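Dear colleague,

Please find below the structure I wished to pass on to you. My findings come after it.

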Amino acid sequence: MSTTQQPAPPGEEPAPPEESASHDPRTVRRAMLAGSIGTLIEYYDFSVYGYLAVAIAPQFFPGDDPAASMLAALAVFATGLVVRPIGGVFFGWIGDRWGRRKALVSSVLCMGVASSVTGLLPTYGQIGVFAAVLLFITRLVQGISSGGESVGAYTYIYESAPPGRRAFLGSVTPIGSNLGFMFAAATAGAISALTTKEQMGDWGWRLPFLMAVPLTLLCLWARLRIEDTPEFKEAAERADIPAAPIREVLATHRPALLQSVGLAMAQGGAIFLGLTYIGIYLTTNLGYDTTLVYWLTAGVVLVTVLLMVPAGRLAARFGCRRVLMGGLLGFLVSAYPAMMLMGQGSLALAGLAYLLLMLSSAFVQVPAASLWPHLFERRVRYTGMAIGYNIGTVLAGGTAPYIAAFLVEHTGNLLSPAFFVMLVCLIGIGSLLTVRKDV
């Protein structure tokens, strides 16, 4: 049963409940740690599959056509994200009804278990087509759990941070996610350097997935130490908890849902393509050394991470909308020339082009991390973000590597993925222009 909020005096805006919540510095620090570590393991688990797709494809989808085998492996990668809205709705319901902490602990546990099991799966040569089925199932479990992970971290950090520092402190979530990408690339690079091609195909690809075991334990340790956010605890004391958060968000937050879908398409499409497909593109299509490309990717992501604190400061000073607009425009104008430079036969030049493409990443991810939860009221914030963010990610994020490989295969144009990036950025810019409130 919801409590009715007293209307504000004429000419005054009602003070949102979150502004009255207390924000203890120790609680804020724990929230930052728990949120960033959780997104680290989420994006490590998801991206390591993309980095190892070249080794995984023949193990689960053998055939005479390497391109078809790769497309099958990337299709399984994409299906893990197709079910994200289901997981988002489920964990959003837990988060809005029963607390942010319960949702965050359960989502990361599911993610870690699914990733660890992937490293133990039998291959096609051992059990035939059932190997691909088992791989598909583990990716579905990962997809369901990831549907509540990022949005849970965004929500938790947003509600735990003091209102005046949300735009800056929101940067820790994308820092965690990008460290996950970087750690996955570095792990794949190290194992690739220490094994032969045959060893990598036989057992080397398993080791990065098994790294999820210690990462999951670390994240559980951090998340079991946190409490629910001040906003949620105050709402629970007032019995101001939605009985049906999905129905409520669909009835009262339709514009915010559409805005979050468009922004998620832009962020997911550009960044997933940059951080998962480009490695495949450089090795499979352009013939660069696999190990060197893994380390190149890790270096590019490290630069992105280093830019996130300045991006957070800019968002705090000039507003999240302006910084996000600059980041989307950066992706829009750099996608085509960057991919063109990658094909000039020099790995050093390809690395500079890769860095050029991904420089905008920090200026998209950091402001979006605070703007997304700001679009929704506290009552349905977790569920609203989960639906909008995950639908957008399904439409253009997890499918980005597959779409890019499909475009190259069927058009013969190695630069065609750049047009995909430009399209999703235009969608994001259009969505951002409709957002009227800033953090």
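The notes below go from the overall fold to a single residue.

Please bear in mind that this is a predicted model. The protein is built from 23 helices and has zero strands. Its radius of gyration is 21 Å, close to the 22 Å expected from the globule rule for 439 residues, so the protein is as compact as a globular protein of that length. The C-alpha trace extends over about 70 × 45 × 35 Å along the principal axes.

As to packing, 60% of the 439 residues count as buried. Among contacts with a separation of 6 or more, 87% are made by residues 24 or more positions apart. The accessible surface amounts to about 16,900 Å², and carbon and sulfur atoms contribute 68% of that area. There are 28 positive and 25 negative side chains, with the centres of the two sets 5 Å apart.

An unreviewed UniProt entry lists residues 31–439 under "domain: Major facilitator superfamily (MFS) profile". Over residues 31–439 the chain is 82% helix and 0% strand, and the C-alpha atoms at the two ends are 19 Å apart.

One local feature deserves a remark. Most residues other than glycine have a negative phi. Alanine 239, although not a glycine, has a positive phi of about 60 degrees. Alanine 239 is located in the loop between α13 (230–237) and α14 (245–252). With a relative accessibility of 38%, alanine 239 counts as partly exposed, because that class lies between the 20% and 50% limits.

Yours sincerely

Conventions. Residues are numbered from 1 along each chain as its sequence is written. This is a predicted model: local features need pLDDT of at least 70, side-chain atom pairs count only at pLDDT 80 or more; totals for chains, interfaces and linings use all residues. Side-chain values use heavy atoms; hydrogens and water are left out. Helices (H or I, at least four residues) and strands (E, at least two) are DSSP runs, numbered from the N terminus. The radius of gyration is taken over C-alpha atoms; the globule rule is 2.2 Å times the number of residues to the power 0.38. Buried means under 20% relative accessible area, exposed over 50%, partly exposed in between (1.4 Å probe, protein chains only). Contact means heavy atoms within 4.5 Å. Accessible areas come from the Shrake-Rupley method with a 1.4 Å probe; for residues, only the protein chains shown count as cover. Lys and Arg count as positive and Asp and Glu as negative; His and the chain ends are not counted. The place of a charge is taken as NZ of Lys, CZ of Arg, CG of Asp or CD of Glu. UniProt positions are given in the numbering used here, feature names are shortened, and annotations may be inferred rather than shown by experiment.
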